[in-house]
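Got your viewer open? Keep the selection box handy, and let's take a walk through this model together.

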Amino acid sequence: MTAADPEAALRHAIAEQMGVTDGEVTLTSEATEATAHDIVLGRTGPGTPCGDLLRRYWYPIALVRDLTEERPIKAVRILSETLVLFKDGTGKVGLMQDRCTHVGGPMIYGWIDPKGLGCGFHDWVFDTEGNCFFKFYNRYIPRPWAKAKAYPVQQYAGIYWTYVGPEPIPALPRYDILARTDGTRRITAYPEIQANWLADGIGDASVPPISADQTESTQFALTTYGITKRTVSRTGEIDEQALILPTHLRTDALWLRTPMDDGHIWQVRVDFVPGPESGIDPAEETPEVADDESHHADAATIPPFVSLDSWGSGGGPNADRGQVLLRALLLQDLHRVHQGLDPLGTVRNPEHAIINTKLNS
Ligand code: FES
């Protein structure tokens with residue numbers, strides 16, 4: 001799979017917004033380009049430039065507690081696609097398209113079979129790789145021409161993750177908060193947020209820990225996993241945060257955020273408290289989960305963790321550089337993907353060392 005031509009897509013998106021033809025758009029004005037970048041970069045669907053870029057990363061889609069014996073099937077929305085997450089009769093977890101490949105029966109109303117997820121309409125069964133069988137009494141008759149779209153699922157740190165991009169599938173990054181075993185983890189689950197992952201999620205909502213008029217300096221730096229921000233107050237107080245590509249944020253906690261579509265984000269927070277060695281493999285761990293219903297509705301209620309952009313009205317030194325850097329990085333990665341290369345933050349070695357996302361903790 002290759003991404004669409006970024007420049008052509010950019011021109012087309014502007015043309016759509018302005019109600020003109022693609023040929024009438026000139027990519028020269030800085031203001032137009034800035035708006036256009038966000039129109040294009042914010043989009044999540046397959047076939048859109050940034051949608052194809054976003055597909056190069058693993059995302060959380062549900063908590064392990066969300067699939068139970070009583071509720072083994074769950075609808076999941078990720079990058080503008082609706083999918084069905086299920087646990088088959090042997091405990092294996094799968095993620096497949098939400099419509100049956102026969103005549104489109106809704107798989108969310110299916111039934112659990114030892115071999116996979118059964119369609120309620122005519123008893124076709126799909127395993128976790130999307131292979132299709134007609135179940136006749138206890139026989140499974142293969143229907144190879146009816147294979148469904150299915151995606152890999154990994155359990156890690158009490159979360160189900162998926163990768164919906166092209167092969168080869170990268171490794172699931174072992175960020176420190178998720179992978180450390182010398183302590184305990186805790187998850188906080190939030191209702192979905194009505195916001196675009198770029199325009200409102202990363203970019204605009206901001207309640208900085210150090211106010212603008214108290215900021216002495218703000219510095220951004222590129223790392224192997226994203227962008228770090230270091231803010232020093234006039235009194236010498238230091239705050240460090242990181243954007244972990246493509247959408248996650250690291251403060252004292254790790255805020256994992258999955259773009260569900262162009263207007264919704266699913267978010268969970270993971271906290272880690274150092275302590276005695278637990279000896280529990282994160283791949284089998286089910287940390288305690290707390291629900292926080294107090295944050296919902298829209299970007300205005302996103303908790304105070306986003307601050308790659310300006311430090312409130314007036315801003316501080318280097319205030320907008322995070323925004324500029326992030327967008328430049330996304331554009332650079334669009335071109336890399338267009339050329340068949342991995343975007344920044346891709347991890348290929350499944351045995352990689354734990355990724356330290358906060359050097360001072
Ligand atoms: S629609 Fe699913 S088996 Fe017929």
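First, a bit of vocabulary: two strands pair if DSSP finds at least two bridges between them. Helices (H or I, at least four residues) and strands (E, at least two) are DSSP runs, numbered from the N terminus.

Two housekeeping notes. Residues are numbered from 1 along each chain as its sequence is written. This is a predicted model, in which local features need pLDDT of at least 70 and side-chain atom pairs count only at pLDDT 80 or more, while totals for chains, interfaces and linings use all residues.

**Stop 1: the whole chain**

Show everything as a cartoon. The protein chain has 6 helices and 22 strands. Of its 361 residues, 40% count as buried (buried means 20 or more other C-beta atoms within 10 Å of the residue's own, exposed means 12 or fewer, partly exposed is in between, and C-beta atoms are placed from the backbone). Now think about contacts: two residues are in contact if their C-beta atoms, placed from the backbone, lie within 7 Å. Among the chain's contacts with a separation of 6 or more, 60% come from residues 24 or more positions apart.

**Stop 2: a sheet of three**

Select residues 58-63, which make up β1, then add β12 at 159-163 and β11 at 153-156. You're looking at an open sheet with the order β1-β12-β11 and antiparallel pairing. β1 and β11 are the edge strands, each pairing on one side only. On average, neighbouring strands here are turned by 35 degrees against each other, direction ignored (axes are lines fitted to C-alpha atoms, for helices over the stretch in contact, and angles run from 0 to 180 degrees between N-to-C directions). Zoom in on β1 and β12: 5 bridges hold this antiparallel pair. Which residue of β12 is the bridge partner of A62? Click on Y160 and you've found it.

**Stop 3: a sheet of five**

Next, find β5 through to β9. These 5 strands form an open sheet in the order β5-β6-β7-β8-β9, with antiparallel pairing. Why is one side of β5 (111-113) and of β9 (139-142) left without a neighbour in the sheet? Both stand at the edges with a single partner strand each, so that side stays free. From one strand to the next, the twist averages 40 degrees. Select 132-136 to light up β8, which is joined to β9 by 4 bridges in the antiparallel sense. F133 has P142 in β9 as its bridge partner.

**Stop 4: one strand, two directions**

Jump to β13, residues 183-189. With β20 (264-274), β13 pairs in the antiparallel sense over 7 bridges; look for T188 opposite R269 in β20. With β21 (288-291), β13 runs parallel, joined by 4 bridges, and here R186 stands opposite E288.

**Stop 5: two loop residues**

Stay with R269 and bring up A253, in the loop between β18 (248-250) and β19 (254-261). The C-alpha atoms of A253 and R269 are 6.7 Å apart, though the residues are 16 apart along the chain. Beyond its neighbours within four places in sequence, A253 is in contact with R269, V270 and D271. A253 counts as partly exposed because 17 other C-beta atoms lie within 10 Å.

Last selection: R234, in the loop between β16 (226-233) and β17 (238-244). R234 counts as exposed because it has 11 C-beta neighbours inside 10 Å. Setting aside neighbours within four places in sequence, R234 is in contact with Q214 and E216.
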